[in-house]
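Trainee: I am new to this structure and would be grateful for a close look at a single part. Please explain how that part is placed among its neighbours.

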Amino acid sequence: MTDPAREVLTWDLFGTAARELAQAVVDDGFEPDIVIAVARGGLPPGGAIAYALGTKAVGTLNVEFYTGVDERLPDPVVLPPLLDTDAMSGLRALVVDDVADTGETLALVQKIMALHCEEARTAVLYSKPRSIVEPDYVWRRTDRWIVFPWSAEPPVVRSAG
């Protein structure tokens with residue numbers, strides 16, 4: 001039975017979403033030199049979109065904000081290892097995350113990229129109405145809690161035996 005309060009993204013639908021987001025970037029005429037995936041949720045879509053765009057340069061920015069289901073820190077925090085922002089000078093970057101929920105994480109990453117890149121645009125699988133940031137590319141809009149295939153299960157533990 002499906003839960004109407006939750007949006008469930010399957011692996012198959014994720015593949016479609018990544019290709020459609022990449023197509024939106026191409027159709028817009030934006031040619032990123034690098035894709036920056038916001039870790040951890042942005043890693044799967046960042047990699048998939050980079051492949052779909054044919055962009056070989058991929059970086060990550062580790063940001064912690066959510067600590068549980070609808071539980072978060074007061075503000076997003078950048079965690080090590082840090083992105084080599086000196087190498088970003090003059091580049092066009094596509095910042096990819098799974099969701100713009102409050103938009104706080106994306107706002108922080110946008111601020112960092114604005115200091116180091118020639119241009120930075122954002123792409124997310126989902127955007128929520130309360131987001132303080134309007135991403136440049138959005139696959140779907142929802143106000144529901146999203147269950148992503150990469151975080152639907154708890155972390156694995158060592159098997160007994």
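Mentor: The following account concerns strand 6 and its surroundings. The model is predicted, with local features requiring pLDDT of at least 70, side-chain atom pairs counting only at pLDDT 80 or more, and totals for chains, interfaces and linings using all residues. Residues are numbered from 1 along each chain as its sequence is written, and side-chain values use heavy atoms, without hydrogens or water.

Strand 6 covers residues 119-127; strands (E, at least two residues) and helices (H or I, at least four) are DSSP runs numbered from the N terminus. Seven of the nine residues in strand 6 are buried, that is, under 20% relative accessible area with a 1.4 Å probe, protein chains only.

Two strands pair if DSSP finds at least two bridges between them. Strand 5 (residues 92-100) runs parallel to strand 6 and is joined to it by eight bridges, with V95 opposite T122. Strand 6 also pairs with strand 7 in the parallel sense, over four bridges; here S127 stands opposite R141.

A search of the whole structure finds six aromatic pairs, meaning Phe, Tyr or Trp rings (the six-membered ring for Trp) with centres within 6.5 Å. Y126 in strand 6 and W139 in strand 7 (residues 137-141) are 13 residues apart, and their rings form an edge-to-face pair (planes over 60 degrees apart), at 5.7 Å centre to centre and 85 degrees between the planes. Both Y126 and W139 are buried. These two residues belong to one aromatic cluster with W11, F14, F148 and W150.

Conventions: Phe/Tyr/Trp six-rings, centres within 6.5 Å; stacked < 30°, edge-to-face > 60°. Buried < 20%, exposed > 50% of the residue type's maximum accessible area, 1.4 Å probe, protein only.
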